[in-house]
Amino acid sequence: GAGFSPKEFIPTKEDYAKIYEEIAKRLEENEDYDDGSYGPVLVRLAWHASGTYDVETKTGGSNGATMRFQPESDHGANAGLKAARDFLEPIKAKFPWITYSDLWTLAGVCAFQQMGGPVIPWRPGRADGDISACTPDGRLPDASKEQKHLRAIFGRMGFNDQEIVALSGAHALGRCHTDRSGYDGPWTHSPTMVTNNFYEILLDEKWNWKKWGGPAQYEDKSKSRMMLPTDMALVKDREFKKYVEKYAKDQEAWFKDFSDVIAKLFELGVPFKQEEKWTFKVVDA
Ligand code: HEM
């Protein structure tokens, strides 16, 4: 008879919701990592998988999940993301029908929502590629640079000034690790909660160069928070600063714009068949 064959299995929204719930559960079960959550590094994985997109050649982007392969996994910008990829392996083993490329972006959505962020519309449709689809090194931003570099890198993905500033607020989350990027410390005092605090402190704190042997970075007076040169470029540049001021004053405005721009980032270059975007409920895991 027509027995079950994995080829005939067409997953529904409910099937993807189960994966969302499983990721949320795994986040809750692994609170001994870093500042208490794998959430930030999952967001960074989804962003680095997507941010390789090039509008001109239509290469890169989340479709393909080519960071599974060397050389892309070894690109300097991706240092430390193995922790996020490994975190998701048990989920992939339990739901082998989801592609890595869908899983990584769904994990970014789940992590962001579970940490208190806005709902992010998402849809499936990414296919895993092979090693030949790996993107060349240098497509992701270099934190030691400034506004010209940010506009070049994000412009190549198709983003404007407002979108660059909106995306950058993700640095409310997580931290820099000396054994990954070489930089050190968190941006905010609440690195596992989504807030607009990145913009507030960028404007309100006094930032000085950190005196140390590592790469040039800024620190606040209490020496407990940091900024990268690229973060500081957002207040040095007049056009960027307008949006920093807007988002510092209005968290709801940032939530709305962030949700739009991150959904766009995760979809760059993906040849979707499905029109409809789904939203998943935050779960009490
Ligand atoms: C972490 C650079 C934009 C999300 C980091 C780190 C660097 C960096 C150097 C530290 C990595 C480590 O040592 O573990 C940059 C630069 C950007 C940028 C130069 C250009 C604007 C973004 C965007 C997002 C993002 C657009 C997401 C929308 C994150 C998160 C972390 C992080 C969540 C924390 C990861 C963790 O705690 O493990 N970024 N980033 N970043 N970045 Fe960015």
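1. A good place to start in this predicted model is helix α1, which spans residues 13-29 and takes in Glu 29. Glu 29 is exposed because its relative accessibility is 52%, just past the 50% cut-off for that class. On the surface, Glu 29 belongs to a patch of negative charge, together with Glu 28, Glu 31, Asp 32 and Asp 284.

2. Staying with helix α1, please have a look at Lys 18 and Asp 15, whose side chains form a salt bridge with an N to O distance of 3.8 Å. The two residues are 3 positions apart in the helix, so about one helical turn separates them. Their surroundings are worth noting too: Lys 18 is partly exposed because its relative accessibility is 44%, while Asp 15, at 16%, counts as buried.

3. Next comes the iron site. Which residue is the protein donor of the iron atom of the ligand? The only one is His 171, which reaches the iron through NE2 at 2.1 Å. His 171 sits in the loop that runs between α6 (161-168) and β1 (175-176).

4. The salt bridges deserve a point of their own, as the model holds 19 of them. One of these joins Arg 126 to Asp 102, with 2.8 Å from N to O. Arg 126 comes from the loop between α4 (100-114) and α5 (147-157) and Asp 102 from helix α4, so this pair ties together parts that lie 24 residues apart in sequence. Are the two partners buried or exposed? Both Arg 126 and Asp 102 are buried.

5. A further salt bridge links Lys 277 with Glu 267, here at 3.5 Å from N to O. Glu 267 is in helix α10 (251-267) and Lys 277 in the segment after that helix, so the contact connects parts 10 residues apart in sequence. Lys 277 is partly exposed, with a relative accessible area of 43%, whereas Glu 267 is buried, with 13%. Salt bridges with shared partners also join Glu 22, Lys 25 and Lys 94 into one network.

6. Please go back to the loop between α4 and α5 for a moment, since Pro 124 is there as well. Why does Pro 124 count as buried? Its relative accessible area is 7%, and buried means under 20%. Pro 124 and Lys 145 are 21 residues apart in sequence, and 34 Å lies between their C-alpha atoms.

7. The loop between α2 (39-50) and α3 (82-94) has two backbone details to check. One involves Pro 71, which is located in this loop: the peptide bond joining Gln 70 and Pro 71 is cis, with omega at about 10°. The other involves Lys 58, also placed between α2 and α3. Lys 58 has a positive phi, near 55°, in a residue other than glycine. With 61% relative accessibility, Lys 58 counts as exposed.

8. My last point is about Asp 34, in the loop between α1 and α2. What is the sign of phi at Asp 34? Phi is positive, at about 50°, although Asp 34 is not a glycine. Asp 34 is partly exposed, as its relative accessible area is 41%.

Terms used. Residues are numbered from 1 along each chain as its sequence is written. This is a predicted model: local features need pLDDT of at least 70, side-chain atom pairs count only at pLDDT 80 or more; totals for chains, interfaces and linings use all residues. Side-chain values use heavy atoms; hydrogens and water are left out. Patches are made of residues with over 30% relative accessible area and no salt bridge: like charges are joined within 9 Å, nonpolar side chains (Val, Leu, Ile, Met, Phe, Trp, Tyr) within 5 Å. Accessible areas come from the Shrake-Rupley method with a 1.4 Å probe; for residues, only the protein chains shown count as cover. A salt bridge is a side-chain nitrogen of Lys or Arg within 4 Å of a carboxyl oxygen of Asp or Glu. Lys and Arg count as positive and Asp and Glu as negative; His and the chain ends are not counted. The place of a charge is taken as NZ of Lys, CZ of Arg, CG of Asp or CD of Glu. Helices (H or I, at least four residues) and strands (E, at least two) are DSSP runs, numbered from the N terminus. Buried means under 20% relative accessible area, exposed over 50%, partly exposed in between (1.4 Å probe, protein chains only). Donors are N, O and S atoms within 2.8 Å of the metal (3.2 Å for Na, K and Ca); water is not among the atoms, so sites may look incomplete.
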